[in-house]
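Trainee: I'd like a close look at a single part of this model, with enough of the whole chain around it to put it in context. Please take me through it.

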Amino acid sequence: LVEILHSLSFTLDDEMHSFNKNGDSENGYSLMMWKTSGDERIPDVVGRFLIKNDKVEIDENKIPWSNRTVPVSRCSEPCRPGTEKSISNISCCYSCTDCSEGYYSNETDQLACKKCPEGYSSLPGWTECQKLKIWYLEWSAGYPIVVMIGTVIGVLLLVFSFTVYILHRENPIIKDTLVISCLMKFGLMVSFGGVILFLGDPNEPICRAQQTMYGLGFTLCVSCILVMAVHTFIEIMSSDPVKQRRLRKFNRPFVIIGLLTLTQALICIFWMVFDPVGVVEAPSQTQPLTLNRLCTQGSTYYGFGAMHVYIALLAVLCFLLAFKGRSTETEPIIFSMLIHLFAWFCFIPVYITQDELRSIVQISAIMVSNYGVIFCHFSPKWFKILSEKTETEKAVKTPVGPRTDDRDSGMGCTVRSSSVRSVPQSRFSIAESEMSNWDINSLEFSE
């Protein structure tokens, strides 16, 4: 009988009724309400559940609510925009949770928050997305302006140093190391140029150039310092002629400088070929709705580490050789290398832990290293050269007494101040045998 009923269809109240294979009505169901009438309860149709339209129709006028107030038939409050439903074990109950960062909802009782489109983001609980800001070291920001001023001052100091060295190239203080000192200045110039490339909107070629310029420039500078340290170390071995003669075979300044700089160049080439640098945009940890556009140092950091470790090894070698032969000539080497090593030892922990500060910290370490070389190697020599020049000029302008009397011999000697002048001993040395070459006409004798 049930199977026969499943296949039946009939018309009732001008409406066709039929059943599906499970025996359920395909038209819908009537909502019945039992109303009290005296001692009896009479059913009354107050609405319909329309299966085809998936709707419930209720005639509220047929329902006698107590106090004429429609009760709320829900166990949860509506979820406001900016939140989403979190369904509990009871299907009709839920809790509201804020949308997470990068998601939003702009409707009430939204089942799930929507993800912000690319280039946009939101904070937790937001109803809309905002366009992300891009952060990098802009030219007009405070720190880049300080860096540019520091770089310009450093370059001007190098130009001034080069000018002083060229004008006083015959001075014994710099005569023997003139060419090597100029190579050091050139290396520092290249290093300062790499600092400027850290500023502005980065791209892949600039990221490659900034690391390569610093690596090659400062390696050239440290190689020159190492040559001077080796020369000083060999001079210390003068007490042992055999060792000194053997060590002099290795005293080839320009060969050493060329090989050491070439090694760094090969390290940079292998780095850029096998683990190239790039540009990445990472969410800022300190500024909301901001992406940090930064240069990466490759996927493994092997090339970046090799470049800096190589420079550090050269600096340590310079320090050890200079410390072995401690003297006034090696003090600049010792202090400049200590400054460089200290700056980079402070730089490494911050570089590893703070992604956003990597560029700033690396710039600061480069600037400290460059200025350490300038003030330890070049400034003392400027001071000595210019001090000697000032003393010489003062001595030349100082007049000699107009008359000298020799009472024992009964003779007087008058010296013209314009003919014979005081000459510093550091500039000239006149032997007693050369006194006869003086211009005898410049002296007037009187009995």
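Mentor: In the protein chain of this predicted model, residues 24 or more positions apart account for 57% of the contacts (heavy atoms within 4.5 Å) with a separation of 6 or more. Residues are numbered from 1 along each chain as written, and side-chain values use heavy atoms, without hydrogens or water. Local features need pLDDT (the predictor's confidence in each residue, 0 to 100) of at least 70, side-chain atom pairs 80 or more, while totals for chains, interfaces and linings use all residues.

The chain has 10 helices and 17 strands (DSSP runs of H or I, at least four residues, and of E, at least two, numbered from the N terminus). Of its 447 residues, 34% are buried (under 20% relative accessible area, 1.4 Å probe, protein chains only).

Now look closely at helix 8, which covers residues 302-324. Its 23 residues reach 32 Å from first C-alpha to last, close to the 33 Å expected at 1.5 Å a residue (times one less than the residue count). Follow the buried side of the list along the helix: G303 and F304 come up early, then M307, H308, Y310 and I311. L314, A315, C318 and F319 are buried too, and L321 and A322 complete the set.

How far can you trust the model overall? The mean pLDDT of the chain is 81, and 86% of residues reach 70 or more. Over residues 403-447, though, pLDDT is below 50, and this stretch has 38 contacts beyond near neighbours in sequence. Where pLDDT is low, the predicted coordinates should not be read in detail.

Definitions and conventions. Buried means under 20% relative accessible area, exposed over 50%, partly exposed in between (1.4 Å probe, protein chains only).
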